[in-house]
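Me: I have a structure in front of me that is new to me, and I would like to learn how to read its features one at a time. Could we go through it together?

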Amino acid sequence: MPTRLAQLMTPALVLDEARMLRNVTRLERQLQPHGVTIRPHLKTVKSVDAARRILGSSRGPATVSTLKEAEEFAAAGITDLLYGVGIAPAKLPRVLALRAAGCDLALVLDSLGQAEAVAAAARQAGDAIPVLIEIDSDGHRSGLDPADPRLVEIGRRLHEGGATLRGVVTHAGESYGVSGAEALAAFAERERLAAVTAAERLRQAGLPCPVVSVGSTPTAHFARDLTGVTEVRAGVYVFFDLVMAGIGVCTPDDIALSVLTTVIGHQKERGWIMVDAGWMAMSRDRGTAVQAVDQFYGLVCDIDGRPYPDLVLKAANQEHGIVALRPGSTAALPELPLGAVLRILPNHACATAAQFDGYEVLPADGTPLTHWPRFRGW
C-alpha cells in the first residue's frame, strides 16, 4: 500500500474501500431490526462507482442534493431518487425531463408557493410529480413545524392539484452539535416524533402520507425507536470524518477518506512542517473548532493511515499546509523529511471530497489502486 500511494501526485484524495464498506454494513445492521428502508444520501460521494457499492440495488433508493447528481445517477441506472433540497420553480423543467426519461424523482418543499408551482407543472405535463413536505424537527434550517396549519393546506394543494403527496421528510441537522449516545438518541426521538406527528395530521385530514422519511448520520446510528418511520437517510456515514468522530458516532479508525500530501519544507524554529495540501485540498471547513478536541484543518497520519500523536494540519493557505503539534501537546514532533508522504483525515468529508475530481481507491480486495471519477456542479 505505501509504495502504491507514494507514486501518486499530491495532493490526492484517497479512499479506503474496506473502511467504506465496513461503515455501510454497520448502518445496515443498526437499522435492520427497525424494518425501515435506508435511502443513502449520495451528495457526499458524487460518484457512480461509489454509489454502486453503497446501494442495496442497482436502482436505489437514494437521496441527492443537486439536479446534476440526479442526472448523473439516473443516467447510470440509479433512478429511485429523492431530491432533498427545497425545489425552485425554475428547476421544474429539468425535473420533468428526468422523470420523462424514467427517473422516479421525488421533490421536497415547505411552502404553498412551491406546492402551487409543482402542481401547475404536474398538470401541464400530465405527470403527477411526487412530493414530500419538509418538516422542521429542530430549528436547523427549512421546514414546517408539525403543528403548522399550512401543513394540511400544502398537502391538499398537492393532492388535489395534480401532484402526488408522497409523504413527509425531516433532517435533524442540529444533532451534529451534541455528543454522546444519550444525547444523540434523544435527538433521534425528537426527529422521529416530529415526522410521525406531521404524517398523522395529514392522514387525519384525509390525505395520503405513505412515506415518513427521517435522517442524519448521527440520529441514524443512535435511533432506538423508529415506530411510524418508513425510511432513514444518511450520507457522510459511508466515509465518516473528524466531526463525526468528535461527537462519538465513529472513531478516526473508521474514517475512509484522507488527503495524500507531500512534505515540501520545514520551519524548524517554529516547529512547522510544510506540506502541499492547503485549504484548496482540505477545504476551509473547521467544524471541529467548536468540539472538545479541535482538529484544526485535519489529523495527520503516516502513509498507512495511522495518526501521529497530536499532529494536526495547524494552518492552511491556498496550496500550503502547516503541520504542527496540537497546542499544549507533550508529544515529539516526528522526523518527516522532504518528500515524505502523509495522509490527512478531514473535518468534513463532503467538503474535502468536493475539492477533487476523483478518488484514488485502495480496493478492499487488495488489488492495485484504481480511480473512481467524481462529478461536480448543480
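Me: Which residue of β11 does V263 stand opposite?

Reply: V263 stands opposite V275 in β11, and I should say at once that this is a predicted model. The pair belongs to an antiparallel arrangement in which four bridges join β10 to strand β11, residues 272–275.

Me: How many residues lie between β10 and β11 in their hairpin?

Reply: The two strands form a hairpin with four residues between them, and in the turn G271 has a positive phi of about 70°.

Me: Which other strands pair with β10?

Reply: Strand β1, residues 12–16, pairs with β10 in the antiparallel sense over four bridges, and there A12 stands opposite L260. Four bridges also join β10 to strand β15, residues 341–345, again running antiparallel, with T262 of β10 opposite V341 of β15.

Me: How should I think about the side chains along a strand?

Reply: In a regular strand the side chains alternate between the two faces of the sheet. As for burial here, eight of the eleven residues of β10, which covers residues 257–267, are buried, so the strand is largely enclosed by the rest of the structure.

Me: Is V152 in a helix buried or exposed, and why?

Reply: A residue is called buried when its relative accessible area is under 20%. V152, which lies in helix α7, residues 150–161, has a relative accessibility of 13%, and therefore counts as buried.

Me: Which residues is V152 in contact with, leaving aside its neighbours within four places in sequence?

Reply: With those neighbours left aside, V152 is in contact with R201, L202, A205 and L207. A198 is 46 residues away from V152 in sequence, while the C-alpha atoms of the two are 9.0 Å apart in space.

Me: How many helices and strands are there in the protein as a whole?

Reply: The protein has twelve helices and 17 strands. Its radius of gyration is 22 Å, close to the 21 Å that the globule rule gives for 378 residues, so the protein is as compact as a globular protein of that length. The C-alpha trace spans about 70 × 40 × 35 Å along its principal axes, and buried residues make up 55% of the 378 residues.

Me: What share of the contacts join residues at least 24 apart in sequence?

Reply: Among contacts between residues at least 6 apart in sequence, 67% join residues at least 24 apart.

How values were computed:
Residues numbered from 1 in each chain as written. Predicted model: local features only at pLDDT ≥ 70, side-chain atom pairs only at ≥ 80, totals over all residues. Heavy atoms only, no water. Rg over C-alpha atoms; globule rule 2.2 N^0.38 Å. Buried < 20%, exposed > 50% of the residue type's maximum accessible area, 1.4 Å probe, protein only. Contact = heavy atoms within 4.5 Å. Pairing = 2+ DSSP bridges.
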